[in-house]
Amino acid sequence: MLIATNYAKKMAADMRLINESIYEDHPNHKVNVCARKVAELYQQSTPHKGTQIIFSDIGTPKLDAFNLYDALKQKLITDFQIPADHISFIHDWSDKQKPELFHKMNQGEIRILIGSTEKAGTGLNVQERVIALHHLDIPWKPSELEQRNGRGARQGNWLAREQYGNKVQCFVYAVEQSLDNYKFNLLKNKQTFISQMKNCELNVRTIDEGAVDEKSGMNFSEYIAILSGDTTLLEKSKLEKKIAVLESLKVAHYREQSKAKTKLDTLIQEKSVTGKILNYLKEDYSWYHSQLQYEKDGTKANPIHLTGLAVNEPEAIGKYLIRLHTNWNQEQTGNIGTLYGFDLYIKREREEQWDTNQLIESYSNSFYAQRSGSEIQYTFNHGQPNKDNPKLAARHFLNAIDRVDSLLAKYQKYLEELKANQTILTELTCKPFDKENDLIQMKNDLARIEREITLKIQHNQLKQVEQAEQKTISSIEKNTQPVSPIVCQYVTQPLLKVITRHTKVTTKSDICKPSPIVKRHRRAKL
């Protein structure tokens with residue numbers, strides 16, 4: 001459950017936290033939406049040196065791994081030209097250095113602070129110029145959210161009081177149908193409970209501790225075996241329990257084998273498809289690197305040719321692509337130019353989603369590049385150009401085609417993994433159940449014990465019959481008068497009751513069958 005919750009938190013924050021090599025950046029990711037809002041407020045508050053605090057408990061700074069902190073900082077620096085020294089992480093300041101951080105934030109020298117609830121939620125006296133607070137994720141406790149907001153919405157914030165109507169803006173970034181929705185509902189329930197306790201309104205709530213587990217280590221058959229004083233019955237009960245465990249393990253083993261066979265079939269198909277993709281990637285890789293050109297400074301040239309655009313200036317190309325992406329409304333895919341022998345396309349896709357019991361249709365445009373004769377469509381940033389920076393948008397198709405290097409390495413590695421997994425799954429599908437011999441031996445032992453129990457029951461029954469007959473003969477010898485039917489009934493009736501309750505041995509073929517009461521308890525146990 002903890003693993004699933006952690007994955008859900010990462011998915012709600014940014015899919016690149018799951019696997020950076022599989023998932024890409026997207027304009028609607030929290031990082032991009034937050035960066036645009038932070039940059040907007042940064043520019044608006046520049047005359048007053050307004051400061052902002054961004055909270056995130058997930059995606060904290062890590063070396064050689066994708067994280068939200070570095071991604072957000074890089075986005076603010078690259079796309080919105082915010083100076084790097086105006087952005088700081090709370091993790092970069094030790095307890096001894098924090099007074100210096102407080103001074104720089106209150107003076108407006110550091111204008112954007114990114115931190116977690118643990119490090120920035122309490123003891124952070126930087127409120128003098130705070131104009132906005134941003135929550136990239138939602139904490140688990142209402143008090144933690146309140147502490148976050150208290151870093152700016154508190155006494156001493158003279159800038160908010162004098163220039164912004166004594167208000168601090170709070171932005172919460174959440175994803176629909178994700179863990180964010182659950183956490184908001186959790187916060188609501190917790191806050192309702194806390195408020196009811198504070199206001200003495202808890203009379204309508206009840207606490208359900210759930211069902212109490214009253215199962216003990218022994219079942220009824222074991223109790224019967226112990227109370228009977230017959231060790232064979234106890235041994236039989238223990239064997240039945242061990243056999244039940246091994247039977248469940250056997251079922252699980254063959255279930256896993258069945259799953260492995262299904263996975264193996266899918267893997268073989270995936271291996272074939274991956275091999276075809278690799279062939280196309282190798283051809284595209286060879287073609288691209290044979291045509292690739294470089295600028296004098298060593299950067300990759302971008303000799304893009306766009307239909308309907310004569311100039312080659314990066315900013316003009318970027319603005320043209322942004323305008324084309326925004327205004328394209330044709331249903332068919334359009335060829336808009338070439339780059340290094342790759343055709344450049346724009347396509348329009350229809351999306352359907354339900355909203356308040358109503359099906360809503362929407363359309364979105366995306367770019368991709370494809371070489372003639374190849375089936376690989378190369379995209380960058382999900383086909384969405386960087387609309388905040390035309391110069392970066394101008395290199396959109398170059399960045400898309402340039403992904404052939406990483407894709408080739410990725411699929412080569414993936415093919416090796418498929419081969420390794422195929423070997424493992426093949427061995428698993430042929431592996432026998434390792435406890436099969438033990439299970440057979442236990443079943444044989446159980447059959448032997450059941451035969452012994454049956455023979456003991458038969459012996460006791462015959463002994464009781466003989467004793468009854470002996471008593472009857474002795475009574476006849478002592479008395480000349482015949483025995484009253486009532487006396488005979490009195491002597492034989494208890495014997496009939498014992499036979500009826502504990503055994504059903506009437507023919508030779510029934511000797512190996514367990515007694516009805518034991519069989520009944522076996523069914524109840526299962």
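This is a short walk through some ring contacts and backbone features of the structure above. Keep in mind along the way that the model is predicted.

Let us begin with the aromatic side chains. A pair of aromatic rings is described by the distance of the centres and the angle of the planes. Searching the whole structure turns up 5 aromatic pairs. One of them joins Tyr288 and Tyr340, whose ring centres are 5.8 Å apart. With 75° between the planes, this pair is edge-to-face, since an angle over 60 degrees earns that label. Where do the two partners sit? Tyr288 belongs to helix H10, which spans residues 231-291, while Tyr340 is in the loop between strand S7 (334-339) and strand S8 (342-354). The pair therefore ties together parts of the chain that are 52 residues apart in sequence. Are these two tyrosines buried or exposed? Tyr288 has 0% relative accessibility and counts as buried. Tyr340 is buried as well, at a relative accessible area of 8%; both values fall under the 20% cut-off, which is why the two residues get that label.

Strand S8 also brings us to another pair, made by Tyr345 and Tyr368. Here the ring centres are 5.1 Å apart and the planes meet at 20°, so the pair is stacked. The cut-off behind that word is an angle under 30 degrees. Tyr345 lies in strand S8 and Tyr368 in strand S9 (residues 359-371), so this contact links parts that are 23 residues apart in sequence. Tyr345 and Tyr368 are both buried.

Rings can also have a charged group over them, and here are two examples to look up in your viewer. Lys73 places its charged end over the ring of Phe89, 5.3 Å from the ring centre. Arg111, in turn, lies over the face of Tyr42, and its distance from the ring centre is 3.9 Å.

Now let us turn to the backbone. Most residues other than glycine have a negative phi. Against that background, Lys49 is worth a look: its phi is near 55°, a positive value. Lys49 lies in the loop between helix H2 (30-44) and strand S1 (51-55). Its relative accessibility is 42%, so Lys49 counts as partly exposed.

Which phi does Asn166 have? Its value is about 60°, positive although Asn166 is not a glycine. This residue too is in a loop, here between helix H7 (158-163) and strand S5 (169-172). Asn166 has a relative accessible area of 54%, and it is therefore classed as exposed, the cut-off being over 50%.

Technical notes: Residues are numbered from 1 along each chain as its sequence is written. This is a predicted model: local features need pLDDT of at least 70, side-chain atom pairs count only at pLDDT 80 or more; totals for chains, interfaces and linings use all residues. Side-chain values use heavy atoms; hydrogens and water are left out. Rings of Phe, Tyr and Trp (its six-membered ring) pair if their centres lie within 6.5 Å; planes under 30 degrees apart count as stacked, over 60 as edge-to-face and the rest as tilted. Helices (H or I, at least four residues) and strands (E, at least two) are DSSP runs, numbered from the N terminus. Buried means under 20% relative accessible area, exposed over 50%, partly exposed in between (1.4 Å probe, protein chains only). A charge sits over a ring if NZ of Lys or CZ of Arg is within 6 Å of the ring centre and within 35 degrees of the ring normal.
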